[in-house]
Amino acid sequence: MTSPAFDVPSAAAPAAIDNCWQRIGVRGDKSCPELRRHAHCHNCEVFSRAASQLLDRDIPVGEEAAVAPAGTGIIARSSHSQSVLVFRLGSEWFALPTLVLDEVTGLRPIHSLPHRRNPALLGLVNVRGELVICVSIAQLLIGAEQNSPQGRLIVAHHAGSRFAFPVDEVQYTHLYTEADLKPVPATVAQSSSGFTRGLLSWRDRAVGRLDEHALFEALGRGLAR
């Protein structure tokens, strides 16, 4: 009951993550006997341990990495902290909460859709055997496409739907508190300011902490046209 270990250089190999919720839990065949006791995987200690392990790890340099399981409420080090994943689009840095993210993986072929009218809709990608809608948040936020061949693909979920979107670079998870958020200045591009809750300081860079609800709802409205 293990998933591939993270490819992170260290003195000791990291413990493998048991993603049993995807195989025998609520996202799998629901055969886990613990479901009778816990009702949902979110209430199980195995799920909680996995969340803590994932949030404490760096983003790997290898092909794929899972991020914290959806819906965990496990925040490392402080009950007032929130965890976000930092990534780059062009020359701009953004962050999304790890609670809406499913995984980070390598870029893969995008299967275009006929009669595509929305430029933000790139097509469909195959993620672990599932076809996921692939969208361009770069088009929405910076008015340009992701163009790095060494970029990454982030898979996220919102309101029962899954989205995948390419980014130019993925860095580490970052912990912050609401007090760390700074107002968005007027100099920030108008296209991204409407989706940004505030700015975080990370490694001497300004990172736009995105409003995941506004972002994905805008994408959803665009795809419905």
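**Close-up views of a predicted model**

**View 1. Strands E2 and E3 lie side by side in a predicted model**. Strand E2 (residues 82–89) and strand E3 (residues 92–97) run antiparallel and are joined by six bridges. One position to look for is Val84, which stands opposite Pro97 in E3. As a general rule, side chains in a regular strand alternate between the two faces of the sheet.

**View 2. An open sheet is built from five strands**. The order of the strands is E9-E2-E3-E11-E10, and their pairing is mixed. Strand E9 (169–176) and strand E10 (196–202) occupy the edges; each has a single partner strand, so one side of each is left without a neighbour in the sheet. On average, neighbouring strands of this sheet are turned by 35° against each other, direction ignored.

**View 3. Strand E4 pairs with strand E7**. The two strands run antiparallel, and five bridges join them. Within this pair, Thr105 has Leu153 of E7 as its bridge partner. Is strand E4 (residues 101–106) largely enclosed or left open by the rest of the structure? Six of its six residues are buried, so strand E4 is largely enclosed.

**View 4. His158 and Ala159 mark the passage from strand E7 to the loop that follows**. His158 belongs to strand E7 (residues 152–158). With a relative accessible area of 14%, His158 is buried, because the limit for a buried residue is under 20%. Apart from its neighbours within four places in sequence, His158 is in contact with Glu212, His213, Phe216 and Glu217. Ala159 is found in the loop between E7 and E8. Ala159 has a relative accessibility of 71% and counts as exposed. Its phi is near 50°, a positive value in a residue other than glycine.

**View 5. Phe165 is a buried residue of strand E8**. Phe165 is found in strand E8 (residues 161–167), and its relative accessibility is 0%. Which residues does Phe165 contact, leaving aside its neighbours within four places in sequence? They are Phe87, Leu96, Val135, Ile137, Arg152, Leu153, Ile154, Ala156 and Phe216. A further landmark is Leu121: Phe165 and Leu121 are 44 residues apart in sequence, and their C-alpha atoms are 9.7 Å apart in space.

**View 6. The largest nonpolar core has 25 residues**. Phe87, Ile137, Ile154 and Phe165 are the members that touch the most other members. At least two residues of this core come from each of E2, E3, E4, helix H4 (137–141), E7, E8 and helix H6 (212–223). H6 gives the most to this core, with four residues. In soluble globular proteins, nonpolar side chains tend to be buried together.

**View 7. Ile137 has contacts with residues distant in sequence, and a second core is separate from the largest one**. Leaving aside its neighbours within four places in sequence, Ile137 is in contact with Phe87, Leu89, Phe165, Leu215 and Leu219. The second, separate core has nine residues, among them Val84, Val86, Ala95 and Val207.

**View 8. Cysteines are present, but the count of disulfides is zero**. A disulfide is a covalent bond between the sulfur atoms of two cysteines. Why is there no such bond at Cys32? The closest cysteine sulfur, in Cys20, is 6.0 Å from the sulfur of Cys32, which is too far for a bond, because a disulfide requires sulfur atoms within 2.5 Å. Cys32 is buried, with a relative accessible area of 17%. Cys134 is also buried, with a relative accessible area of 0%.

**View 9. Lys30 has a positive phi in a loop**. Lys30 is placed in the loop between helix H1 (20–23) and helix H2 (35–38). Although Lys30 is not a glycine, its phi is positive, at about 60°. Lys30 is exposed, with a relative accessible area of 52%.

**View 10. Confidence in the prediction is below 50 over two stretches of the chain**. The protein chain averages a pLDDT of 76, and 71% of the residues score at least 70. Over residues 1–14 the pLDDT is below 50, and this stretch has 28 contacts in the model beyond near neighbours in sequence. Residues 68–78 also have a pLDDT below 50; beyond near neighbours in sequence, this stretch has 34 contacts in the model.

Conventions
Residues are numbered from 1 along each chain as its sequence is written. This is a predicted model: local features need pLDDT of at least 70, side-chain atom pairs count only at pLDDT 80 or more; totals for chains, interfaces and linings use all residues. Side-chain values use heavy atoms; hydrogens and water are left out. Two strands pair if DSSP finds at least two bridges between them. Axes are lines fitted to C-alpha atoms, for helices over the stretch in contact, and angles run from 0 to 180 degrees between N-to-C directions. Buried means under 20% relative accessible area, exposed over 50%, partly exposed in between (1.4 Å probe, protein chains only). Contact means heavy atoms within 4.5 Å. pLDDT is the predictor's confidence in each residue, from 0 to 100. A nonpolar core is a set of buried Ala, Val, Leu, Ile, Met, Phe, Trp, Tyr and Cys residues joined through side-chain atoms within 4.5 Å.
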